[in-house]
Amino acid sequence: MWVEIVMLANLAKAPAHGYELRQRVEQGLGTTLSNNSLYPTLRRFTEAGAVTRTPQAQRGRPTRHVYEITDVGVEMLHDMLAELPDELAAEPAEFMARLANFDRLTIAERLAVLEARTRAVLARAARTDEHIASVDDDSWARIVLDQVLTRSHSELRWLETLRVRAAEPPLED
């Protein structure tokens, strides 16, 4: 779902043709987005009425299509951003896609997303603690588990700082 969030958020900033949208998404993520993800998602958005697809003629080149978010798409984006189900909260990309768009959410919605991520990180830390008890202190597995636990504790501290910032009123358009 994070790819859908990132795509709609980009279209909410400005309309784009497929290649341009792909470039903007990749630039914002620092990763590649395949056409096998991009165009089927755009097709689903178009069918759902979340985006419009307008042909744009080009001299000496094939017609390209410009995608623009609709009111339905803005509402869809908001709903995806405001909800972070427990089954997705453990995925860093799902959380980060929402966090990057916190300016679109109310304070209560921001705090709910942060709480979902906090629950997921606490659960990961608890599972890691259980595993640590079953491995030798000098094993490579212990080194890995110690690092996972350190990262979990670090993220929990970071989430607390985000909670303070999330309580600030959203920026107005």
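Helices α6 and α8 are roughly parallel to each other. I start there because their angle, about 20°, falls under the 35 degrees that counts as roughly parallel. This is a predicted model, and what I say about it is computed from that model.

The axes of α6 and α8 are 14 Å apart, and the crossing is left-handed. On the α6 side, the contact is made by Phe95, Met96 and Leu99. On the α8 side, Trp158, Leu159 and Leu162 take part. What kinds of residue make up the contact of α6 with α8? There are 6 nonpolar residues, with no polar and no charged ones.

Now α6 from its other contacts. This helix covers residues 92-99. Its buried residues are Glu94, Phe95, Ala97, Arg98 and Leu99. Against which helices do these buried residues pack? They pack against α1, α4, α5, α7 and α8. For anyone finding their way along the chain, α4 is 71-82 and α5 is 86-89, while α7 is 107-132.

Take α1 next, which runs over residues 2-13. The axes of α1 and α6 come within 9 Å and cross at roughly 20°. These two helices are therefore roughly parallel to each other. Their crossing is left-handed. The contact uses Trp2, Ile5 and Val6 from α1, and Ala93, Glu94, Ala97 and Arg98 from α6. By type, the contact of α1 with α6 has 5 nonpolar residues, no polar ones and 2 charged ones. Glu94 and Arg98 of α6 take part in that contact, and both are on the list of buried residues of α6.

α1 also packs against α2, residues 18-29. The angle between α1 and α2 is about 115°, and their axes are 10 Å apart. How are these two helices oriented to each other, and why? They are roughly perpendicular, because the range for that term is 65 to 115 degrees. α1 passes α2 in a right-handed crossing. From α1, the residues in contact are Trp2, Val6, Met7, Asn10 and Leu11. From α2, they are Leu21, Arg24, Val25 and Leu29. That contact divides into 7 nonpolar residues, 1 polar and 1 charged. Trp2 and Val6 of α1 are in contact with α2, and Trp2 and Val6 are also in the contact with α6.

Back to α8, which covers residues 140-166. How far should its 27 residues span? At 1.5 Å a residue the expected figure is 39 Å, and the end C-alpha atoms are 38 Å apart, which agrees.

The buried residues of α8 are Arg142, Leu145, Leu149, Ser152, Glu155, Leu156, Leu159, Leu162 and Ala166. As for the spacing of a list like that, an α-helix has 3.6 residues a turn, so residues three or four places apart point the same way. The buried residues of α8 pack against α6 and α7.

I will go through three residues of α8, beginning with Ser152. Is Ser152 buried or exposed? Its relative accessibility is 0%, so Ser152 counts as buried. Leaving aside neighbours within four places in sequence, Ser152 is in contact with Val121, Arg124 and Ala125.

Val148 is found in α8 too. At 28% relative accessibility, Val148 counts as partly exposed, since that term covers values between 20% and 50%. With neighbours within four places in sequence again left aside, Val148 is in contact with Arg124 and Thr128. Arg124 is thus a contact of both Val148 and Ser152. The C-alpha atoms of Val148 and Asp129 are separated by 9.7 Å, although these residues are 19 residues apart along the chain.

The third residue is Gln147, again in α8. Gln147 has a relative accessible area of 37%, so it is partly exposed. Where does Gln147 stand with respect to Leu162? Their C-alpha atoms are separated by 22 Å, and the two are 15 residues apart along the chain.

To sum up, α6 is roughly parallel to α8 and roughly parallel to α1, while α1 and α2 are roughly perpendicular. The buried residues of α8 pack against α6 and α7.

Notes:
Residues are numbered from 1 along each chain as its sequence is written. This is a predicted model: local features need pLDDT of at least 70, side-chain atom pairs count only at pLDDT 80 or more; totals for chains, interfaces and linings use all residues. Side-chain values use heavy atoms; hydrogens and water are left out. Axes are lines fitted to C-alpha atoms, for helices over the stretch in contact, and angles run from 0 to 180 degrees between N-to-C directions. Helices (H or I, at least four residues) and strands (E, at least two) are DSSP runs, numbered from the N terminus. Angles under 35 degrees count as roughly parallel, over 145 as roughly antiparallel, 65 to 115 as roughly perpendicular and the rest as oblique. A crossing is left-handed if the near helix is turned anticlockwise from the far one by less than a right angle, and right-handed if clockwise. Contact means heavy atoms within 4.5 Å. Ala, Val, Leu, Ile, Met, Phe, Trp, Tyr, Cys and Pro count as nonpolar, Asp, Glu, Lys and Arg as charged, and the others, Gly among them, as polar. The expected span of a helix is 1.5 Å times one less than its number of residues. Buried means under 20% relative accessible area, exposed over 50%, partly exposed in between (1.4 Å probe, protein chains only).
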